[in-house]
Amino acid sequence: MIYMLVAFFATAFGLLDTLAGYLATPLSRRDSRQHRIAGVLLAIGLVLWLVNWLVQRLGGQARTAAE
C-alpha cells in the first residue's frame, strides 16, 4: 500500500515538474515580458545568495555540525 502511494506521488510530482518546466520556457507562447521579469527576479535572487555566502565566509561565522 505504501509503495503505491509513493509511486502515485512520484508520478504526480514528475508531471507537475514537466508542466512547470514547459510553462517556464518560451515554448508556452507567453508574453516575452514575463520571461524578462522572471530573469530579473532570478538574477536578484542570485546576487542576494552571493552576498549572503560572502558575508558568511568573510564574517568568520562558525560552521554548524550539519555542514
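Q: Does Thr-25 count as buried, partly exposed or exposed, and at what relative accessibility?

A: Buried means under 20% relative accessible area, exposed means over 50%, and partly exposed lies in between, with a 1.4 Å probe and protein chains only. At 25% relative accessibility, Thr-25 therefore counts as partly exposed. This is a predicted model, in which local features need pLDDT of at least 70 and side-chain atom pairs count only at pLDDT 80 or more, while totals for chains, interfaces and linings use all residues. Residues are numbered from 1 along each chain as its sequence is written, and side-chain values use heavy atoms, with hydrogens and water left out.

Q: Where does Thr-25 lie relative to the helices?

A: Helices are DSSP runs of H or I with at least four residues, strands are runs of E with at least two, and both are numbered from the N terminus. The protein has 2 helices and 0 strands, and Thr-25 sits in the loop between helix H1 (2–23) and H2.

Q: Which C-alpha distance links Thr-25 to His-35, and which links Ala-24 to Gln-34?

A: Thr-25 and His-35 are 10 residues apart in sequence, with 8.0 Å between their C-alpha atoms. For Ala-24 and Gln-34, also 10 residues apart along the chain, the C-alpha separation is 9.6 Å. Gln-34 belongs to helix H2 and, at 43% relative accessibility, is partly exposed.

Q: Why is the pair of Trp-49 and Trp-53 stacked?

A: Rings of Phe, Tyr and Trp (its six-membered ring) pair if their centres lie within 6.5 Å; planes under 30 degrees apart count as stacked, over 60 as edge-to-face and the rest as tilted. The structure holds 1 aromatic pair. The ring centres of Trp-49 and Trp-53 are 6.5 Å apart and their planes meet at 20 degrees, so the pair is stacked. Both residues lie in helix H2, 4 residues apart, about one turn of the helix.

Q: Which residues form the nonpolar patch on the surface?

A: A patch takes residues with over 30% relative accessible area and no salt bridge (a side-chain nitrogen of Lys or Arg within 4 Å of a carboxyl oxygen of Asp or Glu), joining like charges within 9 Å and nonpolar side chains (Val, Leu, Ile, Met, Phe, Trp, Tyr) within 5 Å. Here Leu-46, Trp-49, Leu-50, Trp-53, Leu-54 and Leu-58 form the nonpolar patch, with about 660 Å² of accessible area together, where areas come from the Shrake-Rupley method with a 1.4 Å probe and, for residues, only the protein chains shown count as cover. Trp-53 is partly exposed at 37% relative accessibility, whereas Leu-58, at 74%, is exposed.
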